[in-house]
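Here is a short set of questions and answers. Each answer sets a computed value against the rule behind the wording.

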Amino acid sequence: MSLLEESEIARANRAITGLPFLPGEIAFRVLVESVQDYAIFLLGPQGQVLTWNQGAERIKGYTADEIIGEHFSRFYTPEEIAENRPARLLEVASRDGRVEIEGWRVRKDGTRFWADVILTALKDEDGHTYAYAKVTRDLTEKRAAEERERRLLAEQEARAAAEEALIARDRFLSIASHELKTPAASLRLTVDSLLRARSTGRLDDERLESGLNRLSTATSRLDTLVNELLDVSRLQSGTRPSAMERFDFVALVRDVVERFTDADDDRRIVVTAPDESWIVGDASRLDQVVTNVMDNAVKYSPIDERVEVDVADVPGGVALTVTDRGVGIDDEAVARLFEAFGRGTNVEHIPGLGLGLFISRQIVEHHGGRIQVEPRQGEQGTVMRMWLPREAGSE
Amino acid sequence: MTMCGRVLVVEDDAVLRETLEEVLRDEGHEVRTAAHGQEALDLMDEWHPELIILDLMMPVMDGFAFRDEQLRKGIALGTRVLVLSAARDLEAAATRVTADAFLSKPFRLDEVLSSVSLLLGAPGRYGPGDGTSPPVS
């Protein structure tokens with residue numbers, strides 16, 4: 001095709017549109033007609049196809065002969081035709097001058113492709129729309145590539161999460177094996193030592209009593225650890241608190257604090273609370289939570305430092321705040337703290353499975369409450385905040 | 001013949017610590033105890049054991065930090081070290097703290113007693129024992 005000749009299609013267009021043929025346009029028309037990646041064509045004011053380029057043929061599957069003169073609504077899905085979408089698009093383009101949309105379009109063979117469409121109204125000097133220029137790009141491949149990328153990313157994330165879970169499990173096994181073996185070692189050594197004392201004639205009453213006391217201590221420790229493990233598996237399998245009752249939360253907190261005061265007379269635990277604050281919940285489970293929280297505050301802080309326990313009535317519920325002056329916690333550790341087997345990195349060698357706060361959060365959340373831990377502002381220590389609704393689940 | 005000597009038990013678990021102290025005393029050893037590495041270092045300022053029975057995972061100062069500090073300061077270098085721990089890969093951990101021997105928790109009492117007896121009779125890694133019991137050849 002010579003560039004100076006008016007193309008067959010262009011001649012046909014001119015016949016339909018009645019627009020004058022300008023020789024200077026030839027090169028441009030040839031350029032447009034030969035574009036492969038975009039369907040570029042003109043629509044008449046009613047939406048009939050006026051021109052067709054190679055890109056349009058490639059993308060939509062029609063030859064120029066087949067489609068010129070046809071209404072452009074045949075590129076749309078039946079659903080969109082039912083909504084009168086093609087006509088509305090022309091209206092919008094005519095009103096605003098231009099409209100760009102993405103959507104499914106239909107090829108000649110009935111298959112669909114994801115298209116980016118720009119419809120521009122061509123207006124005469126009086127402002128009347130005499131034609132529309134339509135540029136359509138097939139984004140199916142791009143969309144598929146994006147989809148593949150999304151899936152790949154999701155897979156990578158899933159893999160990373162699985163690896164993290166493995167690391168957490170590994171960390172747990174390491175902690176659990178240490179924690180379970182220690183009381184096991186105590187039991188075995190104490191039994192061995194009692195047997196040896198007996199065979200060497202040293203087993204007097206005093207030694208028997210201290211031996212039995214040690215056995216009792218080690219057994220309790222084992223018992224606690226096993227219960228912690230069972231709690232986790234029970235909570236993870238979704239068992240919710242069942243024994244709902246109305247009780248005084250302040251009395252519960254004071255009970256727990258008293259247990260810690262008994263165990264450790266030197267420590268100053270200061271309680272600030274109203275006379276009473278009644279809530280509905282699983283009292284024994286919440287006792288476990290408060291015990292856990294107190295245990296953390298006490299375990300991670302020096303023996304002579306004060307622990308503040310504050311209970312307050314707040315709108316819709318009751319809040320408990322426990323502030324310690326202990327080893328504190330960094331931001332990264334805060335995020336991990338409530339995970340199963342999570343634990344601050346600065347407290348590797350403190351006895352326990354690191355499941356306490358994980359279990360606590362499960363219980364609190366089953367009540368419709370919230371629990372969080374943060375570093376004490378500007379000072380050494382940790383602040384634990386917990387909120388419980390007046391009635392479990394009635395947030 | 002059973003070797004007797006000065007033994008330091010560094011262990012955070014009270015039951016293990018007290019029981020080890022009791023049985024080692026029964027055997028005729030002079031025994032001191034510490035609940036963690038820092039306590040052990042403080043104690044060693046004025047008292048040098050011939051054998052340290054060392055737990056690895058402890059609060060405040062663990063067994064690794066304790067050994068680093070002890071060797072860095074050059075305190076009682078002739079002391080033998082028996083590691084008692086529930087740590088996984090205990091051999092590697094024991095190597096890291098340059099222990100002379102290790103036992104995995106839970107252990108048997110006779111294992112501990114024979115290890116103690118053996119170690120008190122052997123020269124330490126960093127020289128002969130600096131205690132009253134002469135090393136046997």
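Q: How many residues does each chain bring to the contact between chain A and chain B?
A: This is a predicted model. The contact takes 20 residues from chain A and 20 residues from chain B. A residue is counted when its C-beta atom, placed from the backbone, lies within 7 Å of its partner's.

Q: Which helices of chain A each supply at least two residues of the side that touches chain B?
A: They are helix H7 (140-199) and helix H8 (205-236) of chain A. H7(A) gives the most to that side, with 14 residues.

Q: How does the side of chain A that touches chain B divide by class?
A: Five residues are nonpolar, nine are polar and six are charged. Gly counts as polar here.

Q: What makes the four strands S1-S4-S3-S2 of chain A an open sheet with edges?
A: The strands run in that order, with antiparallel pairing. Strand S1 (38-43) and strand S2 (98-106) of chain A each have a single partner strand, so one side of each is left without a neighbour in the sheet. Neighbouring strands are turned by 25° against each other on average, direction ignored.

Q: How do you know that S2(A) and strand S3 (residues 112-123) of chain A pair?
A: They share nine bridges, in the antiparallel sense. Pairing needs at least two bridges, so S2(A) and S3(A) qualify. As for positions, A:Arg105 stands opposite A:Phe113 in S3(A).

Q: Why is helix H2 (residues 37-44) of chain B called roughly parallel to helix H3 (residues 63-73) of chain B?
A: Their axes come within 9 Å and cross at roughly 30°. Angles under 35 degrees count as roughly parallel, so H2(B) is roughly parallel to H3(B). The crossing is right-handed.

Q: Which residues make the contact of H2(B) with H3(B)?
A: H2(B) brings B:Gly37, B:Ala40 and B:Leu41. H3(B) brings B:Gly63, B:Ala65, B:Phe66, B:Glu69 and B:Gln70. By class, four are nonpolar, three polar and one charged.

Q: Is the crossing of H10(A) and H12(A) left-handed or right-handed?
A: The crossing is left-handed. The axes of helix H10 (residues 283-299) and helix H12 (residues 356-366) of chain A come within 9 Å and cross at roughly 145°.

Q: What residues meet where H10(A) contacts H12(A)?
A: Among them, A:Leu286, A:Val289 and A:Val293 are in H10(A). H12(A) contributes residues including A:Leu357, A:Ile359 and A:Ile363. The residues of this contact divide into seven nonpolar, five polar and two charged.

Conventions. Residues are numbered from 1 along each chain as its sequence is written. Chains are lettered from A and ligands numbered from 1 in the order in which they are written. This is a predicted model: local features need pLDDT of at least 70, side-chain atom pairs count only at pLDDT 80 or more; totals for chains, interfaces and linings use all residues. Two residues are in contact if their C-beta atoms, placed from the backbone, lie within 7 Å. Axes are lines fitted to C-alpha atoms, for helices over the stretch in contact, and angles run from 0 to 180 degrees between N-to-C directions. Angles under 35 degrees count as roughly parallel, over 145 as roughly antiparallel, 65 to 115 as roughly perpendicular and the rest as oblique. A crossing is left-handed if the near helix is turned anticlockwise from the far one by less than a right angle, and right-handed if clockwise.
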